[in-house]
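Here is a short briefing for a reader meeting this chain for the first time. Look at the sequence and the model, then read on.

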Amino acid sequence: MADSYYDEIEIEDMVFDTKLQLYHFPCPCGDRFEISLGDLRDGEDVAVCPTCSLMIKVIFEASDLPQEQPVKTEKETPRQIVAVVGM
Ligand SMILES: [Zn+2]
């Protein structure tokens, strides 16, 4: 099964970048393997180092992934409090 993976890494051993929404793991070349959260959700489990193109297989369960955060749009109109004038 393990084709040409450099290694198999448990997702707990990877670092999650909340800003970029991706997991990374140090690569022996000095760069790092990266896989985005979206890819993991799509069932993708191969993280690639963009520098040396080594690959690792990420071992994870769907339940290991952080909950999807609803994207708040700034356009959302603030709820207006309408004062009812009842006089
Ligand atoms: Zn590398």
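A residue counts as buried if 20 or more other C-beta atoms lie within 10 Å of its own, exposed if 12 or fewer, and partly exposed in between, with C-beta atoms placed from the backbone. This is a predicted model: local features need pLDDT of at least 70, side-chain atom pairs count only at pLDDT 80 or more, and totals for chains, interfaces and linings use all residues. Residues are numbered from 1 along each chain as its sequence is written.

**Overall layout**

- The chain holds one helix and six strands. Helices (H or I, at least four residues) and strands (E, at least two) are DSSP runs, numbered from the N terminus.
- Read from the N terminus, the order of elements is β-β-β-β-α-β-β.
- Of the 87 residues in the chain, 11% are buried.
- Contacts between residues at least 6 apart in sequence include 35% that join residues at least 24 apart. Two residues are in contact if their C-beta atoms, placed from the backbone, lie within 7 Å.

**Strand pairing**

- Strand 2 (15-17) and strand 3 (22-26) lie in sequence on either side of the loop that holds glutamine 21. Strand 2 and strand 3 pair antiparallel over three bridges. Two strands pair if DSSP finds at least two bridges between them.
- Valine 15 has histidine 24 in strand 3 as its bridge partner.
- Strand 3 and strand 4 also run antiparallel, joined by five bridges.
- Leucine 22 is bridged to serine 36 in strand 4. Proline 26 stands opposite arginine 32 in strand 4.
- Strand 3 and strand 4 form a hairpin with five residues between the strands, where glycine 30 has a positive phi near 105°.

**The core**

- Which residues make up the largest nonpolar core? There are ten: Met14, Tyr23, Cys27, Phe33, Ile35, Leu40, Ala47, Cys49, Ile56 and Val58.
- Strand 4 (32-36) and strand 6 each supply at least two residues of this core.
- A nonpolar core is a set of buried Ala, Val, Leu, Ile, Met, Phe, Trp, Tyr and Cys residues joined through C-beta atoms within 7 Å.
- In soluble globular proteins, nonpolar side chains tend to be buried together.
- Tyrosine 23 touches Ile11, Met14, Val15, Phe16, Ile35 and Ala47, leaving out residues up to four places away in sequence.
- Strand 4 has two faces: Phe33 and Ile35 are on the covered one, while Arg32, Glu34 and Ser36 are on the uncovered one.
- In a regular strand the side chains alternate between the two faces of the sheet.

**Glutamine 21 and the first hairpin turn described here**

- Strand 2 and strand 3 form a hairpin with four residues between them, and glutamine 21 lies in the turn.
- Glutamine 21 is not a glycine, yet its phi is positive, at about 60°.
- Most residues other than glycine have a negative phi.
- Is glutamine 21 buried or exposed? Glutamine 21 is exposed because 12 other C-beta atoms lie within 10 Å.
- Glutamine 21 is in contact with Ser36 and Leu37, setting aside neighbours within four places in sequence.

**Proline 66**

- Proline 66 sits in the segment after strand 6.
- Proline 66 counts as exposed because it has 10 C-beta neighbours inside 10 Å.
- The C-alpha atoms of proline 66 and leucine 37 are separated by 8.5 Å, with their positions 29 residues apart along the chain counted as the distance apart.
- Glutamine 21 and proline 66 are 45 residues apart along the chain, and their C-alpha atoms are separated by 9.9 Å.

**The loop between strand 5 and strand 6**

- Serine 53 is found in the loop between strand 5 (46-48) and strand 6 (55-59).
- Serine 53 is exposed because 10 other C-beta atoms lie within 10 Å.
- Serine 53 has a positive phi near 60° and is a residue other than glycine.
- Threonine 51 is found in the loop between strand 5 and strand 6.
- Threonine 51 is exposed, with 12 other C-beta atoms within 10 Å.
- Threonine 51 is in contact with Cys29 and Asp31, leaving aside its neighbours within four places in sequence.
- The C-alpha atoms of threonine 51 and arginine 32 are separated by 8.1 Å, and these residues are 19 residues apart along the chain.
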